[in-house]
Amino acid sequence: MSSVLTPPQNLAAPSLRTQRIVALILLICQGGITVTGSIVRVTGSGLGCNTWPQCHEGSLVPVEGAAPLVHQAIEFGNRLLTFVLVAAVVAMFITLRLAQRRRELMIYVLISGLGVVLQAVIGGISVLVDLQWWSVAIHFLPSMFLVWVAALLYVRVAEPDEGVPERTYPRAVRVSAVIATCALMVVLVTGTMVTGAGPHAGDAEAGMSGRLEVDIDLMAHIHGYLMYVYLLCTFITVVLLHLRKAPEAAKRTGLVLIAMIVVQAGIGIMQYRLGVPRWSVPIHIAMSSVVVAFTAFLYAHGLKRTVRS
């Protein structure tokens, strides 16, 4: 049994730099697939492959004439990217096993792997129910969770396995950071509701059937106001970090996060003013992953493994 669990001794252990690069690749892939998913939506390619796990009934690949070729290519291409994500998870697992890293990191990888499988199933369900708004929302939100997990992994992999976990934030900062994270969760949920009521149904044939029937203007304003609440909570957290003399890395991360939130808010306002042009949606989705990742970075700085002398 031990020979199965122990990496071969003739293989060199990956360096810490290599481990962090692989972790960064996994993080980018987790965020990137949400962007390609948004491209599927805004190009109306959501039913380019109209069943799952096959693309069309009786065929795993696109079929000429079954749907516009460009729609099939975009949807099928997005499905293929799942295998790229699987490869990134497997590469991270192998890298950590060869380096004989601690169990905590392996758990993050396990969550990532199971999450990818779950997301593939949820994506298939959304196709089978003709892109009902709630199915698309359920498909997006776990992706943000997986970005969070990948961001934590990227930070934690740099910490020594033999280190002792120590809190670096005072209680007030920890509470503020948790409140800010909860505010972000609400922002993401209401964002999916804005999308669900918005003009991009994901497929031309689906039309606006199955859309969220709420006042889009009201929903957009609620989402925007909650973004300001999240920004305020993050600002308070960063101020507390400076007042309580937190680690410099945490302070820098907090300032970058505030800047990213401001950029994301600006993109959202621009979308509202311009009527949600198609090209703006992937940018907004990409920034969502960036904001989630930096929120996770800031959260992770509150508990660090250090080697006691």
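Welcome to the tour! Start by selecting L128, which you will find in helix α4. Keep in mind as you look around that this is a predicted model.

**Stop 1: a patch on the surface**

With L128 still selected, add W52, V117, V121 and I125. Together, these five residues form a nonpolar patch on the surface. Their combined accessible area is about 420 Å².

**Stop 2: the disulfide**

Next, select C49 and C55 and show their side chains. The two form a disulfide, with sulfur atoms 2.1 Å apart. How many disulfides does the structure hold? The count is 1, so there is no other to look for. Now turn the view to look along the S-S bond. The torsion about the S-S bond of C49 and C55 is about -75°, so this disulfide is left-handed.

**Stop 3: a salt bridge in a helix**

Move on to helix α3, residues 69-98, and pick out R79 and E75. Their side chains meet in a salt bridge, at 2.9 Å from N to O. Where do the two sit relative to each other? R79 and E75 are 4 residues apart in α3, which means that about one helical turn separates them. A search of the whole structure turns up 10 salt bridges.

**Stop 4: the second largest pocket**

Select R156, R167, Y299, G302 and L303. Of the 15 residues that line the second largest pocket, these lie nearest its centre. The space inside this pocket is about 270 Å³.

To see what builds its lining, colour α4 (103-128), α5 (133-156), β1 (164-167), α6 (171-197) and β2 (303-306), each of which supplies at least two residues. Which element gives the most? Helix α6 does, with 3 residues. By class, the lining of the second largest pocket has 8 nonpolar, 1 polar and 6 charged residues.

**Stop 5: the cavity**

Our last stop is an enclosed space. Rolling a probe the size of a water molecule over the atoms shows where empty space is left. The count comes to 1 cavity of 30 Å³ or more, and its space is about 60 Å³. Select A177, A180, T181, T234, T237, L257, T295, L298 and Y299 to show the residues that line this cavity. The elements giving two or more residues to the cavity lining are α6, α7 (216-243) and α9 (280-300).

What classes of residue make up this lining? The cavity has 5 nonpolar and 4 polar residues around it, and no charged ones. Leave Y299 selected as you finish: this residue lines the cavity, and it is also among those nearest the centre of the second largest pocket.

Definitions and conventions
Residues numbered from 1 in each chain as written. Predicted model: local features only at pLDDT ≥ 70, side-chain atom pairs only at ≥ 80, totals over all residues. Heavy atoms only, no water. 1 Å grid on protein atoms, 1.4 Å probe; cavity = no way out; pocket = protein on both sides within 12 Å on 5 of 7 lines; lining within 4 Å. Points joined across faces, edges and corners; volume = space filled by probe spheres on them. Nonpolar A, V, L, I, M, F, W, Y, C, P; charged D, E, K, R; others polar. Patch = residues over 30% accessible without salt bridge, like charges linked within 9 Å, V, L, I, M, F, W, Y side chains within 5 Å. Areas by Shrake-Rupley, 256 points an atom, 1.4 Å probe, with all protein chains shown as cover. Salt bridge = Lys/Arg side-chain N within 4 Å of Asp/Glu carboxyl O. Disulfide = S-S within 2.5 Å.
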